[in-house]
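Subject: Handing over the two-chain model

Hi,

Here is the structure I promised to pass on to you. My notes follow straight after it, so please read them with the model open beside you.

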Amino acid sequence: MKKASLLMILGSVLLLGLFVFPLWNIELGAPQYPEPLGIDIYINGLQGQNEFDIQNIDGLNHYIGMKTLPKPEDMWEFTVFPLVIGVMVFLGVLLGVLGYTNKISYKWFFGWFILMSALGVLGMYDFNAWLVDYGTNLDPKAILKLANPDGTPMSYKPPLLGHQKMLNFDAYSYPRLGAYLMFVGMCLTLIAGYLGWRYKKINGTKQQN
Amino acid sequence: MKKYKYYLMAIIGVALVFSGCGNGGTKGSSNGALGSSAAEKVYVAPGQQDEFYAFLSGGYSGNLTVYGLPSGRMFKEIPVFSQFPTSGYGYSEETKPMLNTSFGFVPWDDAHHPDISQTNGELDGRWIFINGNNTPRIARISLSTFETEEIIEIPNSAGNHSSSFITENTEYVVAGTRFSVPVPQRDMPINEYKSNFKGALTFISVEPEHGQLDIKFQLLMPGFNYDLSHPGRGDSHGWFFFTTYNTEEANSLMEVNSSQNDKDFIAAVNWKKIEEYVNSGGGTKMAADYAHNVYDEGTHTGTTTMKKEVLTVDPTKVPGAVFFLPTPKSPHGCDVDPSGQYIIGNGKLSADLTVHSFDKMIAAIDGKKFDGEAYGIPILKFEDVLAGTVKSGGLGPLHTEFDGQGNAYTTFFISSEVVKWKLGTWEVVDRKPTFYSVGHLMIPGGNSRKPFGKYVVAMNKITKDRYLPTGPEMEHSAQIYDISGEKMELIYDFPTHGEPHYAAGCPAELLAPNSKKIYRLDDNKHPYAVANPSEARVERNGKEVHIYMSTIRSHFTPDNIEGIKVGDEVYFHITNHEQDFDVPHGFSIIGQNTSELLVMPGQTKTSIWKPKKVGVWPFYCTDFCSALHQEMQGYVRVSPANSNLELSWSLGED
Ligand SMILES: [Cu+2]
């Protein structure tokens, strides 16, 4: 159980990477942008891949009536996400310590993992909803109004994951280091739960010292 | 009768020689582009970039043009001492001071010799310097913004030709006078030239960090013509060499009268010695009038300071600092090889090249082997300093560059060719024709200790029959030779702008990564800049109206302005709010008498408009900036001079 608890601590601590590294990145390339424009998405706000990318993306997007990219104060997510991650890291470490001292069972580790997964899915859902709003909720006075072949207004929603052609732009949306660290961290907590379960199975109810 | 025939042949020969063409034999000598795979050597595929930058001076166009090698594609024209149709006049209200001189506003010059800054004798790519001959000036151009940042006028100088060459750590830029003149200028009979006129060789210090220019001292030399110059390097670092002609000191019919002496001089100047002399209080301060113009990148504005004094040095007061090296026959080019050992003087009226040895010169000076003196300056014995002679068989040698492999390349104006020869053995290795009448040639870094000897660019004065004719006048031409092999190979020729007088080149990787893409708006310190469109406004101050305007794709803020009156002086101060590479906006208004503007991202520029007629007058963006560029426009309402209409301005209000 000691090894499992240490993994639990390490796994949840890896989530702290989200405070330093971007979670996600959306990149827009086009022939006239040989150096693509890009947005790095952090849990507490957006940053240009290059210094003036946000301004330049906003400049382009105003032709199709997209809103300007949100500042941290424009979205509750940028305040809540850091809190949620902070709390989850704290909880994870606490559970690890309690496990180490045999105060709790491995099941708590699974519990943490399930909660974290649920929050992650909610986060992705929220992120996708924002992309939909951003890409389809356009200014009715937009300069360019483009329609799909079937007559419905064109959506400029970037893909949640992967590549999509949008007019002359190639949009790429992929996780970045923060997300990978979170993924590895969650894997570790899952392994921690498994190790705890196996330990329990081998040692039965025998008390460990 | 026989005698007659000889005369006739001689005349025909001379006529051919001076027309500088000699088409006859040259055409068949090439196998054509395909046969030699020349096309492959210069082809830079779409999306690919050139290996070298080449900066060609525009001669009488007063500017500097930027080309790529080996493609010969022109990338940019940098206005220096010139007006510039591409952006109206080439200067805004802010940059007009850059063209101030003690003679007033002089927006033209004859720009000849660019030279790139160096550290330890190698190109460092920070600045490029160039001279203005006519109203003597030296300009410094930034190689990150490719804009002229500084121009200093040279007093007591005339025909600033043996310029702007720099020492190996960019300690000094030299501005040598071609014409000697009375110093200080005064009203005196021209035919009393001899011993009354002086030739000023001006040493301008370059502040190491920001490059600011300052005249450190002027050496007042005998009244010869100082034609070209070159700094020493390596062992000869600390010396500067100047070719002279008209050592006869003739003042009329110079063509004949200044070609009488069999030998003129190369003046060798130990500037370190003079620097010491000056630093310890030597020299004489002389009243002088000259302009010093500096452009500030933060305020996007140039300012002029009128200077009143210059420090002059009499060479005879600094023993051991200046010597004359006899050199046949009206030498023009003065070139020092990358090691600093050989000083090449090309006698433009001779067939041979004279090469002096720096070590021999020092030995001769130490041994005091003098052959008389001129105006108190010791003349060394020709035989004592001569390293060798290149018997070329060409005519009218002008300029020499080096490939860093022990080879030198000399242009011959009269026989229109480039001749390759070996340093040390003085043997001719190869020769190739040029089309036609070649002046300077350039090897990237050829002016430094580390040449990049892959290409040589020959710059020609006459272009006839090379390109489709365009009436009596054609652009001059440049030709690129591949010099990576033993034999030179002509691989491309291309038209140039103005007179491609001389050039400087360097590897692209030295400049491209440092090239500025935008001006940062948050660094903009222009007093009339608007940092945010919400600060855009119009203010009246008597008859002056200042419009603080911002631009972004695709509108001006504000775009409707009312309350302007006939007789007002309207200042449009336009700040471009783009922070994206290569997105300038233009500005122009109907009836504008000054300049159309191109404002770079993050920059502020001013244009003055004096409305003469009542009406509603449009203004618009002149740079095709975006899909809605045509909509980038606005109106100014102009009311009668006695109107009481208040100033108002708006954007997007109905
Ligand atoms: Cu525009």
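A residue is called buried when its relative accessible area is under 20%. B:T434 has a relative accessible area of 1%, so B:T434 counts as buried. Please keep in mind that this is a predicted model.

**Around B:T434**

B:T434 sits in the loop between β30 (428-433) and β31 (438-442) of chain B. What is B:T434 in contact with, leaving aside its neighbours within four places in sequence? The partners are B:S416, B:E417, B:V418, B:A458, B:N460, B:Q479 and B:Y481.

Another buried residue to look at is B:M459, which has a relative accessibility of 0%. B:M459 belongs to strand β32 (residues 455-460) of chain B. Its C-alpha is 7.2 Å from that of B:Y502, although B:M459 and B:Y502 are 43 residues apart in sequence.

**Aromatic pairs**

B:Y502 comes up again here. Over all chains, the count is 43 aromatic pairs. One of them joins B:F165 and B:Y502, with 6.4 Å from centre to centre and 55 degrees between the planes, and the pair is classed as tilted. B:F165 is in strand β10 (residues 162-166) of chain B, while B:Y502 is in the loop between β34 (489-495) and β35 (503-507) of chain B. The pair therefore links parts of the chain that are distant in sequence, 337 residues apart. B:F165 and B:Y502 are both buried.The rings of B:F323 and B:F370 have their centres 6.0 Å apart and their planes at 25 degrees, so this pair is stacked. B:F323 comes from strand β20 (residues 322-328) of chain B and B:F370 from strand β24 (residues 370-374) of chain B, so the pair ties together parts that are 47 residues apart in sequence. Are these two rings buried or partly exposed? B:F323 is buried, at 3% relative accessibility, whereas B:F370 is partly exposed, with a relative accessible area of 29%.

There is also an aromatic cluster in chain B, formed by B:Y172, B:F203, B:F217, B:F240, B:F242 and B:W271.

**Backbone points to check**

If you plan to go through the backbone, here are some places to visit.

- B:L69 and B:P70 are joined by a cis peptide bond, with omega about 10 degrees. B:P70 is in the loop between β2 (63-69) and β3 (74-79) of chain B.
- A cis peptide bond also runs from B:T557 to B:P558, with omega near -5 degrees. B:P558 is in the loop between β38 (555-557) and β39 (560-565) of chain B.
- B:F146 is not a glycine, yet has a positive phi of about 55 degrees. This residue lies in the loop between β8 (137-142) and β9 (148-153) of chain B, and at 9% relative accessibility B:F146 counts as buried.
- B:E249, not a glycine either, has a positive phi of about 55 degrees. B:E249 is in the loop between β16 (239-245) and α5 (254-257) of chain B, and is buried with a relative accessible area of 6%.

**Helix packing in chain A**

How do helix α1 (residues 2-14) and helix α5 (residues 177-203) of chain A cross? Their axes come within 7 Å and cross at roughly 160 degrees, and α1(A) and α5(A) are therefore roughly antiparallel to each other. The crossing of α1(A) past α5(A) is left-handed. On the α1(A) side, the contact includes A:K3, A:L7 and A:L14, and on the α5(A) side A:L181, A:L188 and A:G196 are among the residues met. By class, this contact of α1(A) with α5(A) has 11 nonpolar, 5 polar and 1 charged residues.

Helix α3 (residues 77-100) and helix α4 (residues 107-136) of chain A pack at about 170 degrees, with their axes 10 Å apart. That angle makes α3(A) roughly antiparallel to α4(A). Among the residues that make the contact are A:E77, A:F81 and A:M88 of α3(A), along with A:W108, A:W112 and A:D126 of α4(A). The contact of α3(A) with α4(A) divides into 12 nonpolar, 4 polar and 2 charged residues.

Happy exploring, and all the best!

Definitions and conventions. Residues are numbered from 1 along each chain as its sequence is written. Chains are lettered from A and ligands numbered from 1 in the order in which they are written. This is a predicted model: local features need pLDDT of at least 70, side-chain atom pairs count only at pLDDT 80 or more; totals for chains, interfaces and linings use all residues. Side-chain values use heavy atoms; hydrogens and water are left out. Axes are lines fitted to C-alpha atoms, for helices over the stretch in contact, and angles run from 0 to 180 degrees between N-to-C directions. Helices (H or I, at least four residues) and strands (E, at least two) are DSSP runs, numbered from the N terminus. Angles under 35 degrees count as roughly parallel, over 145 as roughly antiparallel, 65 to 115 as roughly perpendicular and the rest as oblique. A crossing is left-handed if the near helix is turned anticlockwise from the far one by less than a right angle, and right-handed if clockwise. Contact means heavy atoms within 4.5 Å. Ala, Val, Leu, Ile, Met, Phe, Trp, Tyr, Cys and Pro count as nonpolar, Asp, Glu, Lys and Arg as charged, and the others, Gly among them, as polar. Rings of Phe, Tyr and Trp (its six-membered ring) pair if their centres lie within 6.5 Å; planes under 30 degrees apart count as stacked, over 60 as edge-to-face and the rest as tilted. Buried means under 20% relative accessible area, exposed over 50%, partly exposed in between (1.4 Å probe, protein chains only).
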